[in-house]
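Subject: Structure handover

Hello,

Here is the structure I promised you. Please open it first, then read my notes alongside it.

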Amino acid sequence: MLEKWRQKDTDEYRPPVWKSYLYQLQQEAPHPRRITCTCEVENRPKYYGREFHGMISREEADQLLSVAEGSYLIRESQRQPGTYTLALRLKLSGKDSPFSRRLRPSHFHRHRIQLTSLVRRATLKENEHVPKYEKVHNFKVHTFRGPHWCEYCANFMWGLIAQGVKCADCGLNVHKQCSKMVPNDCKPDLKHVKKVYSCDLTTLVKAHFTKRPMVVDMCIREIESRGLNSEGLYRVSGFSDLIEDVKMAFDRDGEKADISVNMYEDINIITGALKLYFRDLPIPLITYDAYPKFIESAKTTDPDEQLEILHEALKLLPPAHCETLRYLMAHLKRVTLHEKENLMSAENLGIVFGPTLMRAPELDAMAALNDIRYQRLVVEMLIKNEDILF
């Protein structure tokens, strides 16, 4: 019995084995070189980029790949339409020869090609209908199991622990030194983005391929469909337990969350969930970097100068934040059009949303307290001048 347990432990744990020839292999390995198609290919699958050459023969593929070692392309089979093949030019045993691998539908996940990491990054094509928001990678020190190569410089990641860093949002693996040179092209993956609330706004919209967070779009649609005439809209609080239910529904189901009148009859629950989303953002909608400029506009007495400073302040916001703020202000402007029924003026909405959308970057409690009146003025000005500023 003891021998069986020892045998089991031996099978489960395999200590790392240093292979001295790995470095030599890495040095001799060719760099991937994408062969782009110069003409427009009809019916190109959405998960392929310009490396897709359509229905061409093996001979034509070999001729295109003869440009250099490491060249690759993807073609559609002439014998079996709908079947795609990755063709590579590699040097095997001293002989320069083409190499092909047929790609089955199971190789795809969310329109991403499951090839080597370098080829995957080269072939990813961004959805053309989604705004191209830039996003910085969220790198964290990581210990990799088994051999790994840097996805930026393509060199081997040496060591047994903490060999490099990994982006917590898109899974990109690079050397710590290389992480400083990686461009802001993070493409968050839903398998890494686990929740909706308390998630960075840009990360969320890029992961879900949307212009704005679905919480904002869905809550505003629901409020405008049945709540614009509700007295004290946004000022009256909903039942906190039900607001938490809405939050959990979005975290669990995303855009499939049910926030209809059948589930939540009280519209104040939906408004409470929307305000909670903005309060929970790790980086406020009006970011810390832009905060001083917005406060400066509120402290200015000249109306024309106020608008000019606000215009400059809006340019400091990340694109996803600016688009969300524009959409929210347009909605709040429509709320004020029903002021006779809901009793919510731009000033009242500024009182509600000022501390919700803005947070002072300083930790000084007194300074943050003094800024509250300016935060109210900022939101009030944004609502009143929404058609001019955005």
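R212 lies over the face of Y327, 3.8 Å from the ring centre. Keep in mind that this is a predicted model. A second residue sits in a similar setting: the charged end of K299 is over the ring of Y374, at 5.2 Å from its centre.

**Salt bridges**

Stay with R212 for a moment. Its side chain meets that of D217 in a salt bridge, 2.8 Å from N to O. R212 also forms a salt bridge with E323, and here the closest N and O atoms are 2.5 Å apart. E323 lies in helix α11 (residues 319-336), while R212 lies in the loop between α5 (201-207) and α6 (214-226), so this pair ties together parts that are 111 residues apart in sequence.

Are these three residues buried or exposed? The cut-off for buried is under 20% relative accessible area. R212 has 11%, so R212 is buried. D217 is at 14%, so D217 counts as buried too. E323 has 13% and is therefore also buried.

Now compare another pair. The side chains of R252 and D253 meet in a salt bridge, with 3.3 Å from N to O. R252 counts as exposed, at 59% relative accessibility. D253 is partly exposed, with a relative accessible area of 33%. Back to the earlier group: salt bridges that share partners join R212, D217, E323 and R326 into one network. The structure holds 14 salt bridges.

**Aromatic pairs**

How many aromatic pairs does a search of the whole structure find? The search finds 7. One of them is F52 with Y84. Their ring centres are 5.7 Å apart and their planes are at 70°, so the pair is edge-to-face. The cut-off for that label is an angle over 60 degrees. This pair links distant parts of the chain. F52 is in the loop between β1 (33-34) and α3 (58-65). Y84 is in strand β3 (residues 84-92), and the two residues are 32 residues apart. Both F52 and Y84 are buried.

Y277 and F278 form another aromatic pair, also edge-to-face. Here the distance is 5.6 Å centre to centre, with 65° between the planes. Both Y277 and F278 are buried. These two belong to one aromatic cluster, formed by Y197, F250, Y277 and F278.

**Cysteines**

How many disulfides are there? The count comes to 0. Why is C167 not bonded to C170? The sulfur of C167 is 3.6 Å from the closest cysteine sulfur, the one in C170, and that is too far for a bond. The cut-off for a disulfide is 2.5 Å between the sulfur atoms. C167 counts as buried, at 1% relative accessibility. C219 counts as buried as well, at 0%.

**A look at Q78**

Find Q78 in the loop between β2 (71-76) and β3. Q78 is partly exposed, with a relative accessible area of 44%. Which residues does Q78 touch, not counting those up to four places away in sequence? They are M55, I56 and S57. Now add G54 to your view. Q78 and G54 are 24 residues apart in sequence. In space, they are 9.4 Å apart, C-alpha to C-alpha.

**The whole chain**

Now zoom out. The protein chain has 16 helices and 9 strands. Of its 390 residues, 45% count as buried. The accessible surface of the protein chain comes to about 22200 Å². Carbon and sulfur atoms hold 51% of that surface. Next, take the contacts in the protein chain between residues at least 6 apart in sequence. Of these contacts, 60% join residues at least 24 apart.

**Where to start**

Begin at R212. Put the ring of Y327 in view, with R212 over its face. Next, show D217, which shares a salt bridge with R212. Then show E323, the partner of R212 in another salt bridge. Add R326, and you have the network of R212, D217, E323 and R326. After that, move to the aromatic cluster of Y197, F250, Y277 and F278. Finish with C167 and C170, whose sulfur atoms are 3.6 Å apart.

Best wishes

Methods
Residues are numbered from 1 along each chain as its sequence is written. This is a predicted model: local features need pLDDT of at least 70, side-chain atom pairs count only at pLDDT 80 or more; totals for chains, interfaces and linings use all residues. Side-chain values use heavy atoms; hydrogens and water are left out. A salt bridge is a side-chain nitrogen of Lys or Arg within 4 Å of a carboxyl oxygen of Asp or Glu. Buried means under 20% relative accessible area, exposed over 50%, partly exposed in between (1.4 Å probe, protein chains only). Helices (H or I, at least four residues) and strands (E, at least two) are DSSP runs, numbered from the N terminus. Rings of Phe, Tyr and Trp (its six-membered ring) pair if their centres lie within 6.5 Å; planes under 30 degrees apart count as stacked, over 60 as edge-to-face and the rest as tilted. A charge sits over a ring if NZ of Lys or CZ of Arg is within 6 Å of the ring centre and within 35 degrees of the ring normal. Contact means heavy atoms within 4.5 Å. Accessible areas come from the Shrake-Rupley method with a 1.4 Å probe; for residues, only the protein chains shown count as cover.
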